[in-house]
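Student: Could you take me through one part of this model closely? I'd like to hear about the second chain, and then how the other chain looks beside it.

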Amino acid sequence: MRALAILIFIATPALAQQQQVTQGKALYDQHCTACHGANAGAGERAPAIVSAATSMRGARSDAQLMAIIRNGIPGTAMPAWNNRLSDSDIASIGAFIRALRGTALDNPLPGDVAHGEAVFWGKGQCATCHAISGRGSVIGPDLGNIAADRKVTAISDALTKPEHRVYGDGGVHLPAPPPMDYEPVHVVTKNGLAIDGVMRNQDAWSVQFTGMDGKLYSFDRAQLRSVTIKPGGIMPTDYDKRLSADEFKDLLAFLTRQGMRPGPSSGGGE
Amino acid sequence: MGLKHIALAGLMLLPVSVGAQPSINNPGPSAPGDWTIYPGSYNSQRHSPLKQITPANAHLLQVKWVHHISGSRELEMTPVVKDGVMYIAQYNRVDAIDARSGNVIWRYQRPPASTAAYRGTSVYDNKVFIATTDAHLVALDARSGGVVWDVAVDGGRRLSGMGPFLAKDKLIVGVLDQPDGYIQAYDPKTGKHLWTWHAIPRPEDPEYKSWSGNTKEGGGAIWMSGSFDPEQNAIIWGTGQPNPPYSNEVREGDNLYSDSIVAIDVDTGKLKWHFQTTPHDQHDWDATSGSQVLVDTNYQGKPRKLLLHADRNGFFYMLDRSNGKFLRGNSFIDDMNWASGLSPEGRPILLGDGAKPSVKGTLTCPSTAGATNWPSATYSPVTGWLYFHAVEGCGVNFRSSITPGAGTSYIESPDEQHRWVSHIRAMDPLTGKRMWDLTEVRSNHYGPGLMSTASGLLFAPEHFGQAAMLDARTGKRLWHFNTGDYITASPITYILDGRQYFAIASGTNIFTFGLPDAAPAAGGKP
């Protein structure tokens, strides 16, 4: 009995949290979507609560958000909900928004992290294109902070879904994401040199890409005979098949922990 | 052909008259077409060997691209360039930009976004280095922006905005003045802390006597990069004011090593020599201004190893940088009321109480904002002159009561005759003679930094936003472009595909200038 009690004690918070998020989503869909849009991503009458594009995300702490839900914002269309919903309902909506705002680092997946790391550097061959902490290749995105930048689903989708896009996953983004789409490219210079790589940026006059040799190339288009974007990505999207179930699960456990939380700011500047 | 090869091919077409001899007047670390540390070269001359853009063709300069740093404000940052990529550093953020097109290659942003003043970075060993607002030092992979290492600052204090400076395989960083300023060195490979030099003495140090035992408010902020002298194996750096800044009666003595130029052994972090510009300061005249310029030249018939420094207090100092001894100096402004000159040892000779701040307000010339400040000076070996931004005019320094340590403030003098006016000044450092003087219109404040080129140009932007090119010999205006925002940063030049560019931060943007694509360069060569 004692062992069972401990088990329940450990299991309950996570389960309860998940239930609260599910309830919160139902309540959000019922009361909030009309103004704030589906999944809090901005509606017709009110700003996004979770979005790369607005200052709402990240600018308000959880405590501030909860206070706004409870008390409303005087002088705006945002009503006070504390006399319409119970405290536990408001807490559930808060839990749902928190889950939407969170990245993989907030919700890392279970698994054998050390084994996942071995898969990353070994069988998964991830370092052929990616780097963590200066080790690996710079052809693809650096993954050292991936769990702080992306949600669990975005990381999992990148490994399994061909239609996955590198950007546009609802995770935490840079203020203005550079258009680095990592499309495979084949470039031929006017003097006949052919280079394969992945795109970093381009405009009507110039092209920047990382060669498969890991070097950055920048050309004036006048120097080039052709620039051919190849269809599809170079990132394999069948890791759930080329890895065993355990290997895949552990790789996700490893990746969803790659990142850091900055500490509070200290001191001033001159 | 990779980027590097293209750049090298371009370089071969240039007149190759520079960069061959490793002397203090051209000591690295940047290749002639690159700019890899804050001042460009260890000697802080901010003099480029590039000769493609000249007084004859500078009128053809045009904007090549502009890069906007979203969320920033009044950038005081000097970009660095290596192998065709420009790195724009701020606290918590680096933008890597294709130096040809202005296109983003990668961007690193660690939350939160910060607009605190940050002045640059170094590129070294395939890494770019920045400080964070949560007191870490971070190395990014220069190719991808990935974090290579991330360490907490030794001592736990946030690094100042001067940006990491690379000298002899060491990253040099600093912290501000409260409780005390210090310089630190880290290993750029690993982030390991190597040494710390404290500007403010501990009670057991002999220098403690120079504070009448009161160092409790500290001082000696390390907020500007200095220089590196490979021959002496020393970094040469400026320190900030003693605290409280305007009430010197509570800290009798010279207050070492505030307002000082210090030479620190780069391997051990030990002090080799010091020279204090403003002993017992009461006006916040940091010795950190943008000129710790190292020059080797003949003086009084002998080859000398010199340090040239135009100070915020209005005096120019020429030191023997092998021992810190004062050789000569002069006031470089017309409007000075706190000191009559310098003693044979280089100590200011005070007029009365040296314009002590008072309750009714004390006219102080130059003002606390400084006769010059962080924007860089430049030395041209071609003319042998030092060029710097000088501000004439006065401030009024107040204190709230006569109680020791009372609160203080300063304003620009409201008298028309003492209002701040910016000048670009050319001076022969060996004699103090003013060679020419250019009065800026409207600009009245810190102003941008300067740089010179071997072709005889002086890039001398104005505070109110004009990017301007002058003839270094005559001060004649050759070209200008209104960037539309304040300029309080220092400029650079670089070469890519055989074409020379100038770049500078203005407001929230980086502007890059070059000749029209079809324009013939100097002598008809590219």
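Tutor: Here is a walk through chain B, followed by a shorter stop at chain A. Keep in mind that this is a predicted model.

Let's begin with the overall build of chain B. Its secondary structure is 1 helix and 38 strands. The C-alpha trace covers about 70 × 50 × 45 Å along its principal axes. For 526 residues, a compact globule would come out with a radius of gyration near 24 Å, and chain B has 22 Å, so the two agree. Buried residues account for 67% of the 526 residues in chain B. If you take the contacts in chain B between residues at least 6 apart in sequence, 59% of them link residues at least 24 apart. As for the outside, chain B exposes about 17,000 Å², with carbon and sulfur atoms supplying 54% of that.

Now for some backbone details in the loops of chain B. Pro111(B) and Pro112(B) are joined by a cis peptide bond, with omega at about 0°. Pro112(B) sits in the loop between β6 (104-109) and β7 (123-124). On the other side of β7, in the loop that runs to β8 (127-131), you'll find Asp125(B). Asp125(B) has a phi near 55°, which is positive even though the residue isn't glycine. Asp125(B) counts as partly exposed because its relative accessibility is 32%, and the partly exposed class runs between 20% and 50%.

Further along, there's another cis peptide bond, from Leu256(B) to Tyr257(B), with omega near -5°. Tyr257(B) belongs to the loop between β16 (234-238) and β17 (260-265). Then comes His280(B), in the loop between β18 (271-276) and β19 (293-299). His280(B) is not a glycine either, yet its phi is positive, about 55°.

What about empty space inside? Searching the whole structure turns up 5 cavities of 30 Å³ or more. The largest of these has a volume of about 90 Å³. It is lined by 13 residues, and the closest to its centre are Tyr38(B), Ser44(B), Ser225(B), Gly290(B) and Ser291(B). By type, the lining splits into 4 nonpolar, 8 polar and 1 charged.

Over to chain A. This chain has 10 helices and 7 strands, and 38% of its 270 residues are buried. Of the contacts in chain A between residues at least 6 apart in sequence, 53% connect residues at least 24 apart. Chain A exposes about 14,300 Å², and carbon and sulfur atoms make up 57% of it.

Two residues give you a feel for chain A. Ile90(A) is part of helix α5 (residues 87-101), and it counts as buried because its relative accessibility is 2%. Beyond residues up to four places away in sequence, Ile90(A) touches Met66(A), Ile69(A), Arg70(A), Trp81(A), Asn82(A) and Leu85(A). His115(A) is 25 residues away from Ile90(A) in sequence, and their C-alpha atoms are 40 Å apart.

His186(A) is in strand β3 (residues 184-189) and is partly exposed, with a relative accessible area of 25%. Setting aside neighbours within four places in sequence, its contacts include Ala194(A), Ile195(A) and Asp196(A), along with Ser226(A), Val227(A), Thr228(A) and Lys230(A). Gln202(A) is 16 residues from His186(A) along the chain, with 14 Å between the two C-alpha atoms.

Technical notes. Residues numbered from 1 in each chain as written. Chains lettered and ligands numbered in written order. Predicted model: local features only at pLDDT ≥ 70, side-chain atom pairs only at ≥ 80, totals over all residues. Heavy atoms only, no water. 1 Å grid on protein atoms, 1.4 Å probe; cavity = no way out; pocket = protein on both sides within 12 Å on 5 of 7 lines; lining within 4 Å. Points joined across faces, edges and corners; volume = space filled by probe spheres on them. Nonpolar A, V, L, I, M, F, W, Y, C, P; charged D, E, K, R; others polar. Helix = DSSP H or I, 4+ residues; strand = E, 2+ residues; numbered from the N terminus. Rg over C-alpha atoms; globule rule 2.2 N^0.38 Å. Buried < 20%, exposed > 50% of the residue type's maximum accessible area, 1.4 Å probe, protein only. Contact = heavy atoms within 4.5 Å. Areas by Shrake-Rupley, 256 points an atom, 1.4 Å probe, with all protein chains shown as cover.
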